[in-house]
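Dear colleague,

I am handing over the structure we spoke of, and it follows directly below. My notes on what was found in it come after that, arranged by topic.

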Amino acid sequence: MRNWFMANRSQLGLTGLVLGVFLLFVVMTLSVTPAAAAPQSQGDQPTDETCLACHQEAGMTAPIGGQPLPLTIDPEKFSASVHGTENIACVDCHTNITGFPHPEVTASSPRDFSLEMYPTCQKCHTEQYEKVLDSVHQTALAAGNTNAAVCTDCHNPHTQTRLTDKNTGELLLGARLAVPQTCAKCHSTIYETYRQSVHGAALTEEGNQYVPTCIDCHGVHNIGDPTSNSFRNSTPYLCATCHTNETLMKQYGISTNVLSTYVADFHGTTVKMFEENYPDQPTNKPVCTDCHGVHDIMRPDNPEAGIAFKKNLLVKCQQCHPDATTASFTDSWMSHYEPSPQVFPLVYFVNLFYKIFIPTVLGGMILFVLTDIYRRFVVRRAQVKGVSHE
Amino acid sequence: MSETVTRTYERFPLARRIEHLIMLLSFTTLALTGLPQKFPSSNLSIAFVYVLGGIENLRAIHHFAAVVMMLGTAWHILVFGYLGYVRRTRLTMLPTLQDMKDGWQALMYNIGRAKAPPQMGRYTFEEKMEYWAFAWGAIIMGVTGFMMWNPLSTTKFLPGEVIPAAKAAHGGEALLAVLAIIIWHMYGVHIKRFNKAMFTGKISEEEMLHEHPLELADIKAGMADRPVDSATLRKRQRIYLPIAAVLALFMLLGVYGFVNAESTALTTIERQVPTVVVFVPQTPTPAPTQTPTLPATETPLPIPSPTGAQPTADSTPSTPAVASALTWDNSIGALFQAKCTACHGAGALGGLNLSTYADAMKGGASGPVIVPGDGANSLLVTRQQAGGHPGQLTPEEIAEVIEWIDAGALEK
């Protein structure tokens, strides 16, 4: 038996291989066959056409708690929306609708109806939905503020067009233009302030898509509490994401050393070392926004209130240094300049002096110490020789 | 012979050694708490700041050590005055031309260009260099430190630019001082030979012979001390002590002013937190459906009739073939109200409003839906009989509607 096995070993191996490949093929075929096709509405569920038969009618409303809930869907807008183009059916979200009459509405108001409906979004948008759970909006909602934005307040599910590239997931350029207006639905006064800022004006008037919109600073979905200490303490790094980017800043001729010059100075040094150790603790040392503004960020050379002008900057200084009364105090801060023979020459020449003075002095010291070591070595060797000769 | 070897001389009295210790401790503290501020981005700095409990603590320690060093310097000035005026000791620390010659000779000797090392007195050129470098450093650090500590006061008299310039000089000088201490001081008194004189106060005769032969010669010749008779001493003390007291007062006031000239630059006031009204909606919270805008009747019902038989408006109402008890008021109106008016109510989907008898008889965009006397050909019935209409009537209900229409579709 053993001999036969040894003699036919190679043939057995081949047979085994063929059998194995066949079994693998069978298994793969079986595992592929089950239906993984696109979700289709069940036979007893109404199609979009059925729904629209009624719901495209203009002016349809149903009273909930005495307030009208608008029921009209614009078929054109819906089919142009991302849900329309991706063939999401009405009943994919409105899962409780199986025909007419519709089930009793339990919500107490149209707002309440939205709040009941929005968790549906997580079926497909799990990632975004979970991010929202950490957001300031969700915190407010959980605290009982029903005005707090939910998914559908920013993204009308019946009209929302595609915002991100389907493959890369990156925000489409055109989508950025609409962001501030979306936030403005609830934060209209902040929007007005932003619109007049250097960033907001560029976006809303020139259509510049490279300036920050709301979400670039506040985040999207997981929008954090902007009044928190950690948000304030990390502001310099937030601004630096764009303001240290050569490619971006080149277009405006803006310096990219704003962060390094900030960190090199009193305020920045303090904030940097403080932030590293206690990111959650409050500090009264200024970050970018304390001088440049929050939503009302202006060009420094704005003739009205630009902080390139000493009288305007002094006002900013006085927020923390009320005893600062002389305009020359403002020069204590180098306004993000690197000292040069033209700008802050005194600082430049002091630095230059030490750049030469330190190596000269230390070099001389090192040189002398080295010769001393050499002499000691020579003397010791001579002594040892002297001893061995005796 | 052995007696001369073991003989020791007093090099530094206790007061000088305490001075040295104070300077040693304050200098080290200043260096350790200052350099992290010069290199704030280094992880080592950040870790050190963390160990000291934060940047504010670190600065407080730095300022405390600075005050200690200033007081130590003030004391040193008073002692210098006492020794110079009252005791009239030889001013052995003053740099002379001979020091330069000694330095040159030492260098030449080291590289083998001179036969012998220089013969030096109480303080060698190395020691004098370090002393005066420290004095120079103390002045620079004191002046620039004052400017940074009191920028508001400083900029009342000087341009604002001196503050960052002071910072640059403070940092540069600090780096120079620390590295010079490491290279020059460490080598000179710790590595070359561990010189314990600053701690024990004593120096052996052999060490004196090697390092301070001229002083040793002076001591042996009795020229090192200049004894003062007690009467003269007392006289000079009477003159010096009031002057020293006034000087001390001024220096103490100076240190006090240094520390307390102003407060807002360093401590600053509590941050004024700007307040913003956050929720200012443009409209009531946006709804995920369009707010109604179009007039109710403009959109035609797109569903084609399944039968193709369109009853027309001019269809002649036939006489009721069957008598029926059913009327709009007693049953049909309520039926339509329950099943149809969600769409064909006030919203009048497809132009059809079934909430009142008059509107129902008018029909919709496709024409009349109720042809009195002809239930089977009324659009309402044919649409319902095809099935699948939203708000589908049951067969029994359809039968009732047919019966009602056939009987003339009466209101009452």
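Which residues of helix 11 of chain A meet which residues of helix 12 of chain A? Before the reply, please keep in mind that this is a predicted model. On the side of helix 11 of chain A the residues are P180(A), C183(A) and A184(A), and on the side of helix 12 of chain A they are S188(A), Y191(A) and Y194(A). By character, the residues of this contact divide into five nonpolar and one polar, with no charged residue. The two helices cover residues 173-184 and residues 188-196 of chain A, and their axes come within 7 Å and cross at roughly 145°.

As for the chain in which this pair sits, the secondary structure of chain A comes to 22 helices and two strands, and of its 390 residues 24% are buried. If one takes the contacts in chain A between residues at least 6 apart in sequence, 52% of them join residues at least 24 apart.

The domain assignment divides chain A into domain 1 (41-162), domain 2 (173-224), domain 3 (234-338) and domain 4 (342-379), and the C-alpha centres of domain 1 and domain 3 of chain A lie 45 Å apart. Chain B, for its part, is divided into domain 1 (2-260) and domain 2 (297-412), and the centres of these two domains of chain B, taken over C-alpha atoms, are separated by 111 Å.

The contact between the chains takes 73 residues from chain A and 71 residues from chain B. On the chain B side, at least two residues each are supplied by helix 3 (43-51), helix 5 (97-110), helix 7 (151-157) and helix 8 (162-191), and helix 8 of chain B gives the most, with 14 residues. The residues on this side of chain B divide into 43 nonpolar, 21 polar and seven charged.

One residue of that helix may repay a separate look, namely A180(B), which is found in helix 8 of chain B. A180(B) counts as buried because 20 C-beta neighbours lie inside 10 Å, and 20 is the number at which a residue begins to count as buried. Leaving aside its neighbours within four places in sequence, A180(B) is in contact with V361(A), L362(A) and M365(A) in chain A, and with A133(B) in its own chain. A180(B) and A133(B) are 47 residues apart in sequence, while their C-alpha atoms are 9.1 Å apart in space.

Lastly, some points of backbone geometry in chain A, which you may wish to have at hand when you go through the model. A cis peptide bond, with omega about 0°, joins F100(A) and P101(A), and P101(A) has its place in the loop between helix 6 (90-93) and helix 7 (110-117) of chain A. N87(A), in the loop between helix 5 (82-85) and helix 6 of chain A, has a phi near 60°, a positive value in a residue other than glycine, and N87(A) counts as exposed because it has 12 C-beta neighbours inside 10 Å. S335(A), which is not a glycine either, has a positive phi of about 50° and lies in the loop between helix 21 (310-320) and helix 22 (345-389) of chain A. With 16 C-beta neighbours inside 10 Å, S335(A) counts as partly exposed.

With kind regards

Definitions and conventions:
Residues numbered from 1 in each chain as written. Chains lettered and ligands numbered in written order. Predicted model: local features only at pLDDT ≥ 70, side-chain atom pairs only at ≥ 80, totals over all residues. Domains from an automatic or database assignment. Contact = placed C-beta atoms within 7 Å. Helix = DSSP H or I, 4+ residues; strand = E, 2+ residues; numbered from the N terminus. Nonpolar A, V, L, I, M, F, W, Y, C, P; charged D, E, K, R; others polar. Axes fitted to C-alpha atoms, helices over the stretch in contact; angles between N-to-C directions.
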